[in-house]
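Please open the structure in your viewer and keep a selection tool ready. The stops below go from one selection to the next, and each says what to look for there.

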Amino acid sequence: MSDMVARTTVIETDGRPSDVELRIIAFIQKEIQDKSVVLTRATRREEVAIDSIDVVNVVFAIEEEFDIEVDLTPDAKFETVGDLVDTLISFIPAEKRGA
Amino acid sequence: MTGPGLEVTGRGIVSSLGQSVEAFAAAQFAGRSAIVALDDLPFSVRFTRAAPIRDFDPSAHFDDRNLSMLDRFAQYATVAARQAWAESGLAGDAVDPTRIAVIVGTANSGIDILDEGFRRIFKTGARIPPLTIPQTMGSAPASRIAREIGARGPVFGITSACASAAHAMLVGASLIRAGLVDVALVGGTDSCFSEGYLRAWDALRVVAGDTCRPFSAGRKGLIVGEGSAMLVLERAGRAAARGARPVARFLGSGMSSDAGDLVAPDPAGMELAIRHALADAGLPADAVGYVNAHGTGTVANDRAEAAAIRAVFAGRAEQVPVSSTKSMVGHAMGASGAIEAIATIAALEHGLVPPTMNYLGPDPEVGLDPTPEVARPAAIDVALSNSFAFGGLNVSLVFGRAEG
């Protein structure tokens, strides 16, 4: 999506993924078809099969988990899992990002 | 029948009476009933018995991702189609994918996911699962099956209430006879135990408070069932050429419309479908050794169907054994025609007329031999299978015992 960069939220951590990032990655991990791939922020989209159905299922899971609305279309463009994670986190209000 | 002869070369079934053709056939000949007490519903309806499928485990057949795309009716159809495809032996055969059709009948489409969606919207305020739309599609089972077997020819759903599966079989056979395809995977499916659906049947007041007693004195209505059955149809001789054995001959089919009432059946429309089917098969009524009736167990259907059968078999109706599979599996709606085709083919294969269960005694208005309570040996060469839907949509199919 065109506003991907604008929506990207920089997560302030000491270099390790934050809890909310790990939770989001776990949701993506659950949906991907090749269960042998272990996702990290650096995993590139072309390394792992993630299709529009996976994205829509992840969006739904995050909406349910955090009770939020995620205005993201299934054909959203992202280069790495980290990009997708940051975009999803940008829809989560700060007070809901805690464990 | 004009055009090439047809054979049934594969069968699959997911029913309350068994989830394999062997289990289903054994149960129907034993007169086992899958009609049970509905004592675990979290809501109330007036009727207390039905024939749900209790032991279908979706996760035994599909992973989580696929389950998020398939409503229960599509799951049933896919599992039945896998069995049928395996029996046909076509899986390893070189079939031109553009000449394979998949046609699946359904009365209800994805009613479980729709019911759940509306429950969330109007009762709990919860979000709706993202793949609700593709799960509700009546064509979803056909698409799924086409994907699994690689069918790239005519693929679609078909709907005519309780005749849906029979229309699907008829259309598949017609595509082969017209030379458009070589193989047709056809049948029907329905899931029938969502709250909204059961309450809608309750509102119509045609569901029996006790059980399903087709053609019997004291019958009080139908019993809700569910499930799927699928059949592989091919031009005669194709199976033999690859060393496979056909399970039956598909001799002909006929259809008609009552152009009448939305719910009341018309014997003339039913008779017309049977006569068209026999004419299509090029057979006289005398050739028929068994009739697998639509036999819902409602006063109106069975009276009208009996009148149609009496008219076709003029004077010898009581010599032709008739029975209703619905006395054992209830009414599986859009799947019933295919489930009953499997029942009919088993009768031809085993030389046994399956019984009509729950029979209390003759209804003077029926005037047929409904094969009460006990299966009966009979060398049957040709059998009819009737499907008559609400809205006056009628189909009759003619099956023949496989040669050799």
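Begin with the largest nonpolar core of this predicted model, which has 132 residues, and in which B:M169, B:A184, B:L185 and B:I342 have the most contacts inside the core. Colour domain 1 (6-241) and domain 2 (252-401) of chain B separately, and you will find that both give residues to this core, so the core lies between them. Then select B:M169 with its surroundings: leaving aside residues up to four places away in sequence, B:M169 touches B:V186, B:G187, B:L231, B:G337, B:A338, B:A341 and B:L397. Apart from the largest core there is another one, of 15 residues, which includes A:V59, A:L72, A:F78 and A:L88; that one is left aside for the moment.

**Between the two domains of chain B**

Keep the two domains coloured as the domain assignment of chain B gives them, domain 1 as 6-241 and domain 2 as 252-401. Their C-alpha centres lie 20 Å apart, and 60 residues of domain 1 of chain B are in contact with 58 residues of domain 2 of chain B. On the side of domain 1 that touches domain 2, at least two residues each are supplied by β1 (6-15), α1 (21-29), α7 (164-177), β6 (183-190) and β7 (227-235) of chain B. Which element gives the most to that side of domain 1? Select α7(B), which gives the most, with seven residues. Colouring the side of domain 1 that touches domain 2 by class will show 33 nonpolar, 21 polar and six charged residues.

**Along the sheet**

Next, show the strands of chain B, where 10 of them form an open sheet of mixed pairing, in the order β5-β4-β6-β7-β1-β8-β14-β13-β9-β10. The edge strands are β5 and β10 (322-323) of chain B, each of which pairs on one side only.

Move to strand β4 (residues 100-105) of chain B, which is mostly covered, with six of its six residues buried. If you display the side chains, B:I100, B:V102 and B:V104 point one way from β4(B), while B:A101, B:I103 and B:G105 point the other way, and all are buried. On its two pairings, β4(B) runs parallel to β6(B), joined to that strand by six bridges, and pairs in the parallel sense with strand β5 (residues 155-158) of chain B over four bridges. B:V102 is a convenient residue to centre on, since here B:V102 stands opposite B:L185 in β6(B) and also opposite B:V155 in β5(B).

Further along the order, select strand β9 (residues 290-292) and strand β13 (residues 382-389) of chain B, which pair in the parallel sense over three bridges; the bridge partner of B:V291 in β13(B) is B:L384. Then add helix α10 (residues 267-281) of chain B, which lies across β8 (248-257), β13 and β14 (393-401) of chain B and runs at about 145° to β8(B).

**Two backbone angles to check**

Most residues other than glycine have a negative phi. With that in mind, select B:A161 in the loop between β5 and α7 of chain B, where phi is near 50°, a positive value in a residue other than glycine. Is B:A161 buried or exposed? With 20 other C-beta atoms within 10 Å, B:A161 is buried, because 20 or more such atoms is the cut-off for a buried residue.

The second residue to select is B:M333, in the loop between α12 (326-329) and α13 (336-350) of chain B. B:M333 is not a glycine, yet has a positive phi of about 50°, and B:M333 is buried, with 31 other C-beta atoms within 10 Å.

**Over to chain A**

Finally, select chain A, which has four helices and zero strands, so that you can return to the core of 15 residues with A:V59, A:L72, A:F78 and A:L88 among them. Of the 99 residues of chain A, 22% count as buried, and among contacts in chain A between residues at least 6 apart in sequence, 64% join residues at least 24 apart.

To end the tour, display the place where the chains meet: eight residues of chain A are in contact with seven residues of chain B. Helix α3 (residues 52-66) of chain A gives the most to the side of chain A that touches chain B, with six residues. By class, that side of chain A has three nonpolar, two polar and three charged residues.

How values were computed:
Residues numbered from 1 in each chain as written. Chains lettered and ligands numbered in written order. Predicted model: local features only at pLDDT ≥ 70, side-chain atom pairs only at ≥ 80, totals over all residues. Contact = placed C-beta atoms within 7 Å. Nonpolar A, V, L, I, M, F, W, Y, C, P; charged D, E, K, R; others polar. Domains from an automatic or database assignment. Core = buried A, V, L, I, M, F, W, Y, C linked by C-beta atoms within 7 Å. Buried ≥ 20, exposed ≤ 12 C-beta atoms within 10 Å, placed from the backbone. Pairing = 2+ DSSP bridges. Axes fitted to C-alpha atoms, helices over the stretch in contact; angles between N-to-C directions.
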